[in-house]
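Colleague: Hi, could you walk me through this one? I'm new to it.

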Amino acid sequence: MRVQFKYTLEDIVDGSSRFQARSRSVRSIRLKWNIFGSLFVWAILIVYSRFTIKGVILGLVAALVAMAIEPPLYQYLSRKNMRKLFREMYGDQNHFTCEVELSPEALKTNSEQGQNTTEWSKIEEVVPTSDSVDIFGPAAAVIVRNRAFTSAEERQRFIDLAREYINQARGRGSN
């Protein structure tokens with residue numbers, strides 16, 4: 001089965017964000033930075049308040065606020081930096097075409113940036129979302145936007161076929 005769709009620079013940023021969000025190492029690094037940043041804020045306020053109880057409490061409140069604002073702040077800054085990187089890479093180009101093919105042997109993608117073939121044994125899961133079908137492996141991510149499909153039935157056939165190929169590669173046959 002083969003589908004084709006157009007995507008934008010913002011789609012590339014979104015796909016990269018989704019891939020990063022799945023990474024254990026990225027999540028671990030973010031958690032460590034969040035904890036260390038909050039502890040730093042707490043320590044600064046304790047020192048600034050000359051080690052008073054009021055300063056300790058104020059520091060704890062500030063640390064909790066820092067922990068709360070880190071996720072959306074990280075997301076905003078990360079996406080902003082990715083946009084800059086991709087604009088540097090692709091210049092003024094903002095529209096791309098991607099072709100995704102599901103064959104019994106592999107998941108194949110073809111775009112202006114190149115071709116890629118990933119064996120089904122290297123694919124971990126197929127995740128339907130409200131705006132796409134996401135196919136993830138440890139070193140690859142393919143985001144197939146809903147606009148690639150002519151109908152909901154075609155989208156579901158795509159999902160079922162990808163899952164069938166993954167199951168076959170894992171030796172489970174089709175279910």
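Colleague: Let me start with one residue: is Leu39 buried or exposed, or in between?

Modeller: Happy to help! Keep in mind that this is a predicted model. Leu39 counts as partly exposed, because its relative accessibility is 44% and that class lies between under 20% for buried and over 50% for exposed.

Colleague: Thanks! Which helix does Leu39 lie in?

Modeller: Leu39 lies in helix α2.

Colleague: And which residues form the nonpolar patch on the surface?

Modeller: The patch is made up of Leu31, Ile35, Phe36, Leu39, Leu64 and Met67. Together they have about 580 Å² of accessible area. Two elements, α2 (24-48) and α3 (53-90), each give two or more residues to this nonpolar patch.

Colleague: Which element gives the largest share of the patch?

Modeller: That would be α2, with 4 residues.

Colleague: Let's switch to the strands. How does β1 pair with β2?

Modeller: Strand β1 (residues 2-8) and strand β2 (residues 95-102) are antiparallel, with 7 bridges between them. To find your way in the picture, look for Lys6, which stands opposite Thr97 in β2.

Colleague: Nice. How many bridges join β2 to β3?

Modeller: There are 5 bridges, and β2 and β3 run antiparallel as well. Strand β3 covers residues 106-111. One pair to look for there is Cys98, which stands opposite Ser111 in β3.

Colleague: And how many residues sit between β2 and β3?

Modeller: There are 3 residues between them, and the two strands form a hairpin.

Terms used. Residues are numbered from 1 along each chain as its sequence is written. This is a predicted model: local features need pLDDT of at least 70, side-chain atom pairs count only at pLDDT 80 or more; totals for chains, interfaces and linings use all residues. Side-chain values use heavy atoms; hydrogens and water are left out. Two strands pair if DSSP finds at least two bridges between them. Patches are made of residues with over 30% relative accessible area and no salt bridge: like charges are joined within 9 Å, nonpolar side chains (Val, Leu, Ile, Met, Phe, Trp, Tyr) within 5 Å. Accessible areas come from the Shrake-Rupley method with a 1.4 Å probe; for residues, only the protein chains shown count as cover. A salt bridge is a side-chain nitrogen of Lys or Arg within 4 Å of a carboxyl oxygen of Asp or Glu. Buried means under 20% relative accessible area, exposed over 50%, partly exposed in between (1.4 Å probe, protein chains only).
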